[in-house]
Amino acid sequence: MSRATILFVALVLAGCTASDSTEPALPLPQQYGLQESFRYRSAISEAVSLANRVLGPGAPVRLYPSWKGGEAGVQPVYEKGGGFSVTLRVPVYAVEGKNLAPEYFVFVPPKGHGVFVNVDRLPAFFRLFSPTTRIGGLPVDEPRVLAFALMHEAGHLFHEDAGSFDGTHPLELQDMLAVELTLEDVKAGRTAHLNPELRADLFALEHIKEALSDGSNMDRWMEAKAIQGTFSTTTFNITGLRVVEGFGEQGLVRRARFRDASYSHPNLELRMHVLNYLSNPDALAEELLSTFLKERSAPLDGTPLFIAPGASPGLIHRLEMP
């Protein structure tokens, strides 16, 4: 096992042995005043299946729909050739959104092993990846987008970052907004330490890459390829949206437009550019990321150049919607 996996196992075992006798009997959603829902269960179940397929049998976190039974907690998994790994089994709950702020889409609560999917906000969640405001964005594969979101939340649990989304953790939000990246940082892998959101993204991406290198399991490979494809589609969509909406500012590059302070998904566009480049570092992905980073660090009062210096003159044409 890797050093990170060993640490994860130690933390999980320590947490479980210390709290088994005091754990409330109420189901996890009820502990937060939430009601489980019957809506979207089929879609969530499909996404759980896809996420587990890409994570693979040796993943440190395995998901299961709460309504299909099973028991959360630590489970030893015996591997071929001897030895074993430890897996954290995590229920995924479909919950009603009436007691949640609208910014809460898919998240891990501050305490307890579980992932909540706010069924009232699922349509809005999918629009984050395929915006329709003022542009005809490319459609995204919604089950794969949700599968990636669940893998991302599994990353939060693996890194003990559960609950970093909420307002009681202001430093995480400030850290996310303060991230300064260069293309060299991304190429060298200097991103995981920066903030909980990138750590969780990279957990998911590592398993996607592992699945793509596993030629023995074609189903796993195909699902990983499909999820990987959502990165480029999403990057295309949200970049195109920003380009279209930027015309109202007469082409000024305003830094505020590149520092998305969304309460639950800060800097989604930055993160998607990083994922898109790391998963498929071709020339276009590199150019999109490089341009975004340059524009993001533009002077506060803007600059007359919409596309940052050094970007290809043809870039704007490749971002136009068909």
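The following paragraphs lead from the whole protein to one helix and then to a patch on the surface.

The structure is a predicted model. Its secondary structure comprises 12 helices and 5 strands. Of the 322 residues in the protein, 49% are buried. The protein exposes about 15200 Å², and carbon and sulfur atoms supply 56% of that area. Contacts also show how parts of the sequence meet: among those between residues at least 6 apart in sequence, 69% join residues at least 24 apart.

Helix α5 covers residues 142–158. Its 17 residues, at 1.5 Å a residue, should span 24 Å, and this agrees with the end C-alpha atoms, which are 24 Å apart. The expected span is 1.5 Å times one less than the number of residues, so the multiplication uses one residue fewer than the helix contains. Where does α5 lie with respect to the rest of the structure? Because 15 of its 17 residues are buried, α5 is largely enclosed by the rest of the structure. Just after α5, glutamate 160 adopts a positive phi of about 60°.

The surface offers another view. Met218, Trp221 and Met222 form a nonpolar patch there, and together they have about 310 Å² of accessible area. Methionine 222 belongs to helix α9, which runs over residues 218–246. In an α-helix there are 3.6 residues a turn, so residues three or four places apart point the same way. Is methionine 222 buried, partly exposed or exposed? Its relative accessibility is 49%, and therefore methionine 222 counts as partly exposed; the term exposed is kept for values over 50%.

Note on methods
Residues are numbered from 1 along each chain as its sequence is written. This is a predicted model: local features need pLDDT of at least 70, side-chain atom pairs count only at pLDDT 80 or more; totals for chains, interfaces and linings use all residues. Side-chain values use heavy atoms; hydrogens and water are left out. Helices (H or I, at least four residues) and strands (E, at least two) are DSSP runs, numbered from the N terminus. Buried means under 20% relative accessible area, exposed over 50%, partly exposed in between (1.4 Å probe, protein chains only). Contact means heavy atoms within 4.5 Å. Accessible areas come from the Shrake-Rupley method with a 1.4 Å probe; for residues, only the protein chains shown count as cover. Patches are made of residues with over 30% relative accessible area and no salt bridge: like charges are joined within 9 Å, nonpolar side chains (Val, Leu, Ile, Met, Phe, Trp, Tyr) within 5 Å. A salt bridge is a side-chain nitrogen of Lys or Arg within 4 Å of a carboxyl oxygen of Asp or Glu.
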